[in-house]
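Q: I'd like to learn how to read a model like this one, feature by feature. Where do we start?

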Amino acid sequence: MAARGCAPARLPLLALLSLLSPELATGARWSGQGTSPQLRSIFLGRCAEYITLLSPQPGDKNCTAIWEAFKVVLDKDPCSVLPSDYDLFINLSRHSIPRDKSLFWENNHLLVTSYSENTRRFMPLCDVLYGRVGDFLSWCRQENASGLDYQSCPTSEDCENNAVDSYWKRASMQYSRDSSGVIYVMLNGSEPKGAYPVKGFFADFEIPYLQKDKVTQIEIWVMHEIRGPNVESCGEGSVKILEERLEAMGFQYRCINDHLPVKLLMCVDHSAHPDCALAASAASTETGASSHFPEQSSTLILPLLVAVVSGSQI
């Protein structure tokens with residue numbers, strides 16, 4: 001299971017070193033990236049920036065106290081860190097998530113980051129405080145000594161209860177509990193293994209913790225990569241498994257193939273590709289267990305969406 005957040009997936013350190021220099025790889029104890037240099041400074045800097053510029057509840061967080069709660073795991077064996085070890089850290093750093101602004105995802109972290117635009121459109125896990133401070137970072141103690149291991153850290157390939165995976169598990173649970181209103185989920189319909197991993201962070205640590213009395217609807221966006229294959233769409237394969245699971249849990253849902261505003265953003269880098277020649281017939285399609293909304297002609301909404309996208313860059 002890969003680390004969560006909005007950080008891009010990384011090759012295991014051992015595999016990467018093997019490609020670059022076989023003799024370097026032999027010294028790495030674990031298969032993951034070692035502790036990030038300047039971990040404390042990065043953590044505190046991100047925290048200060050967030051509570052100053054982005055927090056929905058500015059001025060009520062103590063970054064030093066949040067760091068002290070977080071760094072407790074740095075004294076633990078690298079394969080003996082549990083999600084519950086982050087409880088105090090989460091309790092000190094959690095804040096409200098605006099209604100209708102939660103965005104879950106699988107296998108499209110960069111697209112989610114771009115579309116959410118630093119909390120302006122949506123607030124995915126990496127855009128809440130307890131997700132932001134650890135995003136893109138790695139950390140662990142040395143196996144049989146005090147001090148941090150800057151050479152390598154364990155991943156799920158090495159042991160289940162590693163520091164980074166346990167962090168994202170605990171953060172995912174809290175994010176789900178605090179989400180409300182319409183819940184959005186972005187999946188990658190071009191992923192060869194299927195758009196919805198039946199064993200993954202969304203399936204195991206997010207869906208089970210959604211609060212049914214706080215959720216009005218779940219909207220699934222199955223996005224297909226420009227120049228990529230169309231492996232699955234709404235009502236197919238693993239997406240159908242997800243739809244059936246949500247229905248069995250009593251959630252209202254709808255599923256949209258290639259949600260048009262996101263597709264427009266994807267087309268910024270592929271404007272000449274035929275998939276980006278948006279005509280009325282290329283508007284998003286949707287299915288769902290709840291009421292169906294009529295499709296709108298993209299010839300009518302395209303100028304407005306382009307204006308919105310352009311305006312957000314100013």
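**Reading the fold from surface to core**

A: Start with the outside: the chain has an accessible surface of about 14,400 Å², and carbon and sulfur atoms hold 54% of that. Keep in mind that this is a predicted model.

Q: What share of the 314 residues is buried?
A: Buried here means under 20% relative accessible area. By that cut-off, 52% of the 314 residues in the chain are buried.

Q: And how many helices and strands does the chain have?
A: Its secondary structure comes to twelve helices and seven strands. For contacts, look at how far apart the partners sit in sequence: among contacts with a separation of 6 or more, 76% are between residues 24 or more positions apart.

Q: Let's take one strand. Why can β4 be called largely enclosed by the rest of the structure?
A: Count its buried residues. In β4, residues 181-188, eight of the eight are buried, so the rest of the structure largely encloses the strand.

Q: Which strands are joined to β4 by bridges?
A: Check the bridges and the direction. Strand β2 (residues 103-106) runs parallel to β4, with four bridges joining them; Leu103, for one, has Tyr184 of β4 as its bridge partner. Strand β5 (residues 215-223) also runs parallel to β4, and eight bridges join that pair. Here you can look at Ile183, whose bridge partner in β5 is Ile218.

Q: What kind of unit do β4, helix α9 and β5 make?
A: For a crossover like this, you ask about its handedness. With helix α9 (residues 201-206), β4 and β5 make a β-α-β unit that is right-handed.

Q: Now the inside. How many residues does the largest nonpolar core have?
A: The general idea first: in soluble globular proteins, nonpolar side chains tend to be buried together. In this chain the largest nonpolar core has 57 residues, and those with the most contacts inside it are Phe70, Tyr86, Phe89, Tyr130, Trp139, Ile218 and Ile220. Helix α8 (residues 163-178) gives the most to this core, seven residues. Apart from the largest core lies another one, of 18 residues, including Val112, Val182, Cys267 and Cys276.

Q: Which residues does Phe89 touch?
A: Leaving out residues up to four places away in sequence, Phe89 touches Phe43, Ile66, Ala69, Phe70, Tyr130, Val133 and Tyr167.

Q: How many salt bridges are there?
A: The cut-off is a Lys or Arg side-chain nitrogen within 4 Å of an Asp or Glu carboxyl oxygen, and by that rule the count is ten. One of them joins the side chains of Glu143 and Arg29, at 2.8 Å from N to O.

Q: Why does the Glu143 and Arg29 pair tie together parts that are apart in sequence?
A: See where each residue lies. Glu143 is in the loop between α7 (129-132) and β3 (152-153), while Arg29 is in the loop between α2 (22-25) and β1 (32-33), so the pair ties together parts 114 residues apart in sequence. Glu143 counts as partly exposed at 25% relative accessibility, and Arg29 is partly exposed too, with a relative accessible area of 45%.

Q: Where do Asp87 and Arg170 lie?
A: Their salt bridge has its closest N and O atoms 2.6 Å apart. Asp87 is in helix α5 (residues 87-93) and Arg170 in helix α8, 83 residues apart, so to speak a link between distant parts of the chain.

Q: Are these two buried or partly exposed?
A: Compare each with the cut-off: Arg170 has a relative accessible area of 8% and is buried, whereas Asp87, at 30%, counts as partly exposed.

Terms used. Residues are numbered from 1 along each chain as its sequence is written. This is a predicted model: local features need pLDDT of at least 70, side-chain atom pairs count only at pLDDT 80 or more; totals for chains, interfaces and linings use all residues. Side-chain values use heavy atoms; hydrogens and water are left out. Buried means under 20% relative accessible area, exposed over 50%, partly exposed in between (1.4 Å probe, protein chains only). Helices (H or I, at least four residues) and strands (E, at least two) are DSSP runs, numbered from the N terminus. Two strands pair if DSSP finds at least two bridges between them. A crossover is right-handed if, with the strands pointing away from the viewer, the path from the first strand over the helix to the second runs clockwise. Contact means heavy atoms within 4.5 Å. Accessible areas come from the Shrake-Rupley method with a 1.4 Å probe; for residues, only the protein chains shown count as cover. A nonpolar core is a set of buried Ala, Val, Leu, Ile, Met, Phe, Trp, Tyr and Cys residues joined through side-chain atoms within 4.5 Å.
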